[in-house]
Each structure stands twice: as structure tokens, then as C-alpha cells.
Amino acid sequence: MRDLLRRPAYRRTLVFSAVIGVPVSFVAFWFLVALHELERLLWEVLPDHLGWPVPPWWWPLPLLTLAGVIVGLVVTRMPGHGGHIPAAGLHTGGATSAALRGVVAAALAGLPLGAVLGPEAPLIAFGAGLALLFRDLSRSAATPQSNALVGAAGSAAAIATIFGNPVVAAVLLMEVAGVGGPQLFAVMLPALLASGVGDIVFTGFGRWTGLKTTHLDIGLPRPPALDAGDVVWGVLLAVAVGLAVHAIVTGGKATAVFVSRRPLLHTVVCALAAGACAALYTLATGRTPEDVASSGQTTLAQLAPDPHSWPVGALIAVLVFKGAGYALCLGSLRGGPIFPSLFLGGAAGALAAPLPGFGVVPAMAAGMAAACAAAMRLPVSSVVLVVLMLGNVESVPVVVLAVVVAFVVVELLPQGPDIPPLPPLGGGRPPAPGRASRPASSRP
């Protein structure tokens, strides 16, 4: 590392990365503002203006059909195909400044109109492409190594705006980029598992014996301590959620195979089917279709403080219909897999919380952690993200165990069909898919 830091080219790249973080973060902020305002306009302001306090049951059908048309045109007509297929997992490679227009167009068309996806994948591609564009405008030297470093810096600056934390962005990009290769997963899984079990034993002995040891504690209010029921039910929930989310991702891969045959038409068909999932949910529950036809970020913020306000039937319905819409969007539209998985895991935790000895907080923590790990296949990032979202340390052991259990479960299962190459510009057909393989971002 010392030799690398002594190289003038690397020091120039560090300086440029520090400078580029300012404009990339600025543009990424307004990009997210545009997504949020468009979503609010389409799902709150416009229905209310037309006389509906909540969108009617049919509202997602025209919106998602329009999203399918625009995204299908972007995929078949614009460089970069609007970004990578979400069912393939998160990626950092391949981002170029030429693909920026397609990434922005696909995200602005799909996400506010109701795609069951999050903004994190477009932000990664957007930040990398924007950083490379600024680098080209500054006429700095371009090498494969500098492209990778500048692109990663731009992605980190952009993705930090959605998570609100640079640590999550750094850890996420390290795992997505495959830093450390297979050894990272081989080392981190036993370390995570041992630390989680160790924390449970340490906490348990402290409660059972009444003795205290020295540890970091600054006196903040703490939620109730974990008990045996939280741990046992949390592990069982992690298995169930891991299996369910893996089935959804596998369905997303099958959707991508279907879309590859006739990209424009089949993208529209899948988007319309996702809209139908939201419409059926509203017809079944009487609740807003936005519960299904969205990333789930806003709905999770409403569910987490008061999960008891959701009837059991509504929780079951949102898991079924949002899971189906998630699978359809993973293989057809453009966006990220994180936020829908977090919502599904949180809803599953809220549904399981009444089990004897299972608290609401550890149940939702275990569900979100397992779903995130199963969808992203990035164990360390899943732990960091969920722990920071929860804002307390009491649930950390359950989060760690849920992540490791869900990750191991999905890794041992068949991985589904290959995702075909993106179609060439103009709508030509890609080669037929071959044997099943894992997404590049999650191969341990």
C-alpha cells in the first residue's frame, strides 16, 4: 500500500475522487428529489386532485404500462440499456458516461410510476457514469485502473445520498466490487456467526448472573434485551424468509429470460402484470395500491412504528402481491433490489411477531436482515445496513444470525436460469440462455 501511495498517478486519483464527490453528490441529491417528487405527484397529488383520497384500484395499471413502454424503448434503443437487469444483483462494472441518459431515463420512467424496485442500482451506475463524464471533461488521463477507481468513487458518493451514511456506501461497494474475492466470504461468514453467537452468550451471562463487565456504553436508552425466543424464532424466520426471497429472485431471473425473447413487448407485459398485482391487492384489502406498487421505502417507514395497525390479512396480501410484483419487476424494469426486500422482510417479521416469546423489534430485524441478505447476497453489507436502520445494538445478534442463516440457505439452493445478455440496440435477439449460474455481484 505504501508503494501505491507513493505513485503520483494514484495520489492524483485520490485528489480527483475527493473533488468529484461534491458535484456527484449534488446531482445525485437532485436526482433523488426528482424521483420522490414525481412519485408524490403521481400517487398522492394527482389522485387527490381528481377526487380520490387514495389511488383507485386500477391506478397502477396505466402507470406501470407506461413505465414498461418507456423502459422497453430505453433498453432496445439507448446505449447501456438503461442499466443492468436487477435480478442479476448489484454491479459496479461496465458503467460509462455514454450510458448516463439511458440510466436516468429508465429510472425516472420506472420508479415513480410504480416499479417494485429501489433507486440504489441506478444511483450506482449514475454516480459512476457522472464521475467518468467529469473526468473526461477535465481531460484527465484515462486508464483501466483509473476508470475503475473514479467510477467506484462516483458510485460511493451517489449511493451515500440514499443511505445517508458513507460507511454503508463504502462497505456495499467493497462487496459489490468483489474486493477480497471468495476469501472475503470464506472469512467473514464464520466471523459474523461466531461474533453473533458470542454476543448472545455474553449478554445472557450478564443477565443470568447479574455480574457486569466493562464494555462500550454511553448511556443511551435501550430496548428490552433479547431472550431465547427471539433467537430461536429469529433463526427459523430467517430460513423461511430466505427461501421466499430466493424464490422471488429466481422468478425474476425467469422473467428476464421471458423478456429477452421480445424485449419491448414483454417488458410492457411484465410491467402491466406488476400493476395488476397492485390492483388485485387493493381489491382484496381496500388499502392503497402504493403498498405494492413502489419500492416499499415509504411504506416500511409507516409499518415499522406501528405494525399492529396492519391486519393479518393485509400483511399476508402485501407479502403475496408485492412479492409477485417484485419478481416481475426484477426481470423487466430497472432499479435496485434492496428496498423491496427490506419491506418484505419487515412485513414478514411483523406477521411473525405474535409468536410466543418473539418481540416485534427482533422479529422485524430478523426478517429485514434475512430478506436483504437473500436478495443482495452481500452478508456484511446486509448486517451494516439493517443495524444502522434499526438504530440500536440490542438486535445486532439476531441480525447477524439471520443474515448468516439466510445467506447459507440461498447459497445451497439451485440458482435458477442464466440471465441472457442484454439485447443489442435495435431490438435484436440475444443468444439463448444456458445453464444456471449465480449473479456476478454475489458469487462468493
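**Reading salt bridges in a predicted model**

Q: Before the details, what kind of model is this, and how many helices and strands does the chain have?

A: Happy to start there! This is a predicted model. The chain has 16 helices and 0 strands, and buried residues make up 50% of its 444 residues.

Q: How many salt bridges are there in the chain?

A: The general idea is that side chains of opposite charge can pair when their charged atoms come close. Here the count comes to 3 salt bridges.

Q: Which residue forms a salt bridge with R40, and where do the two sit?

A: The partner of R40 is E37, with the closest N and O atoms 3.2 Å apart. Both belong to helix α2 (residues 8-49), and being 3 residues apart puts them about one helical turn from each other. R40 is partly exposed at 35% relative accessible area, and E37 is partly exposed too, at 34%.

Q: In the pair R287 and D291, is D291 buried or exposed?

A: D291 is buried, with 4% relative accessibility. R287 is partly exposed at 26%. Their side chains meet in a salt bridge at 3.2 Å, N to O.

Q: Which parts of the chain does the salt bridge between R377 and E411 link?

A: The side chains of R377 and E411 meet at 2.7 Å, N to O. The pair links distant parts of the chain, 34 residues apart: R377 lies in the loop between α14 (360-376) and α15 (379-390), while E411 is in helix α16 (residues 396-412). R377 is buried, with a relative accessible area of 4%, and E411 counts as buried at 13%.

Note on methods:
Residues numbered from 1 in each chain as written. Predicted model: local features only at pLDDT ≥ 70, side-chain atom pairs only at ≥ 80, totals over all residues. Heavy atoms only, no water. Helix = DSSP H or I, 4+ residues; strand = E, 2+ residues; numbered from the N terminus. Buried < 20%, exposed > 50% of the residue type's maximum accessible area, 1.4 Å probe, protein only. Salt bridge = Lys/Arg side-chain N within 4 Å of Asp/Glu carboxyl O.
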